[in-house]
Amino acid sequence: MPAAADQSTYRLTRLDGGARVIVAPMRERASVSVALMFAAGSRHEDAEASGLSHFIEHMFFKGSQRYRSSREISEAIEGVGGVLNAATDKELTLYWTRVPAGRLDLALDVLNDMIFGARFDELELSKERDVVIEELRMYQDNPQEYVHTIFEEVMWPDHPLGRDTAGTEATVRSFTRDDCLRHLRTHYHSDRLVISVAGAVEYEHALEKATAAVGTWGNGATPAWRSAEPVEPQAQMRVTYRRTEQANIVFGSRAASYLDADRYAVDMLNVVLGEGMSSRLFLELRENRGLAYDVHSFTVKHRDSGALAIYIGCEPRRAVQAIDAAIAELRRLAEEPVAADELQKVREYARGRLLLGLEGTNAMCSFLGQQELLTSEILLPAAIAARIDAVTAEDIRAAAAAVLARGLRGAVIGPFRSADKFTQVLSLS
């Protein structure tokens, strides 16, 4: 029999086959969101199959047993005013829909048939290869986006975490129907699936319908994946020459994973450093010195690795100056503990953003489901707020010092022929 875990906000049920169902009633909402999440992403691919998870995500929208075409799939959801989409990341693939209250049965029927009744028609495969290649080219033509892809290559060299989730033109052109089906049999197991439902629903009805939506592609042992090996603590910057009017820069270092105990200290460091218009990077580089229009920091978290990074978009002639100014702010955080009033401000900011971000049914659906899928532990907002409040000024200072000690690495896209001056400024950190 399924095992259930009750919480005040949600109910988690593990089905006999291993799939997990999360139901979070938000009865005052006008919508319900549903997501099917699989623990399968680009880090589970070898180099020759790079981008296959993402390609399969596309193919699930191209026709199934009952919804025979992409038009029939989209019209089923959009015909009631809903939204249907998907995303592939390094460690998971997510298929989701948001529909009006009362349309849960339709939402689950469409997702179930899309995923477990997919046809993988050869003609659609051929067309979608070209579509995905155009998607790759679109991002490569956008330096503000593409610099993040290059940054990941530098941060996780020769590793699946450093590859573009969408793969390369060569790998995408090589994908066959058999490749897709083999990947599904290997990775799309019931015990690697979480179905998350949030919104205007009742527990029992949602659980019954979600349970019926669990199909099968494969079973067996969980596939092995490569751990993220440490990198040498030395400065490194990769330059990609483009005749652009702006330099797009991302640099940072390895930091906490989503399982590390100190991840909340890194998150708080990120808030102080560069999240929002009251952050140190924004106030110093943009407001005080006018070095950049867009400057911010961000975190990346995987199961066994992570990164803290800074993005700067600036006039190319001021690129080195902007990087040096950003490093100075990070160095100051590593040397001087955050004052009590600033620490209280960033705590309020982090707690407030967390709560505001969970107002929608889709956000709550993803919040609960991804935690369960990736960590097998769901922390509710109150528990996360308590961990935020427990972060001290010394924790933040130590997190900043650790970032600098691991060595800064990055990527620049702009009208530059050499990386020497960028590597030099990083090495002085």
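This briefing describes selected side-chain contacts, salt bridges, aromatic pairs and strand pairing in the structure above. The model is predicted. Across the whole structure, a search finds 28 salt bridges and nine aromatic pairs. Two further residues, Glu57 and Thr165, are treated individually; Glu57 is buried without a salt bridge, and Thr165 is buried in a loop.

**Glu57 and its surroundings**

- Glu57 belongs to helix α1, which spans residues 52-59.
- Although Glu57 is buried, no salt bridge is found for this residue. The nearest side chain of opposite charge is that of Lys62, 10 Å away, and a salt bridge requires the nitrogen and the carboxyl oxygen to lie within 4 Å.
- The side chain of Glu57 does make a polar contact of 2.5 Å with the side chain of Thr88.
- Leaving aside residues up to four places away in sequence, Glu57 touches Ala86, Ala87, Thr88, Thr93 and Tyr95.

**Thr165**

- Thr165 is located in the loop between α5 (143-155) and α6 (169-174).
- Thr165 counts as buried because its relative accessible area is 14%, and the limit for this class is under 20%.
- With residues up to four places away in sequence left out, Thr165 touches Ser42, Gly51, His54, Thr88, Asp89 and Lys90. Thr88 is thus among the contacts of Thr165 and also among those of Glu57.
- Val147 lies 18 residues from Thr165 along the chain, and the C-alpha atoms of the two are separated by 14 Å.

**Salt bridges**

- Side chains of opposite charge can pair when their charged atoms come close.
- Arg43 and Asp304 form a salt bridge through their side chains, with an N to O distance of 3.0 Å. This pair links distant parts of the chain, 261 residues apart: Arg43 is in the loop between β4 (31-38) and α1, and Asp304 is in the loop between β10 (294-301) and β11 (306-314).
- The two partners fall into separate accessibility classes: Arg43 is buried at 3% relative accessibility, whereas Asp304 is partly exposed at 28%.
- A salt bridge also joins Asp109 to Arg66, where the closest N and O atoms are 2.5 Å apart. Asp109 lies in helix α3 (residues 104-116) and Arg66 in the loop between α1 and α2 (70-78), so this pair ties together parts 43 residues apart in sequence.
- Both of these residues are partly exposed, Asp109 at 27% relative accessibility and Arg66 at 45%.
- Within helix α2, Arg71 forms a salt bridge with Glu75, the closest N and O atoms being 2.9 Å apart. The two residues are four apart in this helix, so about one helical turn separates them.
- Arg71 is exposed, with a relative accessible area of 59%, while Glu75 is partly exposed at 44% relative accessibility.
- Elsewhere, salt bridges that share partners connect Glu134, Arg137, Glu169 and Arg173 in one network.

**Aromatic pairs**

- The ring centres of Phe38 and Tyr95 are 6.4 Å apart and the ring planes meet at 75 degrees, so the pair is edge-to-face.
- Phe38 is in strand β4 and Tyr95 in strand β6 (residues 93-100), so this pair ties together parts 57 residues apart in sequence.
- Both rings belong to buried residues: Phe38 has a relative accessible area of 1% and Tyr95 one of 0%.
- Phe38 also pairs with Phe116; the ring centres are 6.2 Å apart and the planes are at 65 degrees, so this pair too is edge-to-face.
- Phe116 lies in helix α3, so its pairing with Phe38 in strand β4 ties together parts 78 residues apart in sequence. Phe116 is buried at 17% relative accessibility.
- Ring pairs bring Phe38, Phe60, Tyr95, Phe116, Phe120, Tyr188 and Trp217 into a cluster. Tyr95, a member of this cluster, is also one of the residues that Glu57 touches.

**Pairing of β10 and β11**

- Strands β10 and β11 run antiparallel and are joined by eight bridges.
- A hairpin of four residues connects β10 to β11. Asp304, the salt-bridge partner of Arg43, is in the loop between these strands.
- Val295 stands opposite Ile312, which is in β11.

Terms used:
Residues are numbered from 1 along each chain as its sequence is written. This is a predicted model: local features need pLDDT of at least 70, side-chain atom pairs count only at pLDDT 80 or more; totals for chains, interfaces and linings use all residues. Side-chain values use heavy atoms; hydrogens and water are left out. Buried means under 20% relative accessible area, exposed over 50%, partly exposed in between (1.4 Å probe, protein chains only). Lys and Arg count as positive and Asp and Glu as negative; His and the chain ends are not counted. A polar contact is a pair of N or O atoms within 3.5 Å; within protein, one must be able to donate a hydrogen and the other to accept it, and residues adjacent in sequence count only if both atoms are side-chain atoms. Contact means heavy atoms within 4.5 Å. Two strands pair if DSSP finds at least two bridges between them. Rings of Phe, Tyr and Trp (its six-membered ring) pair if their centres lie within 6.5 Å; planes under 30 degrees apart count as stacked, over 60 as edge-to-face and the rest as tilted.
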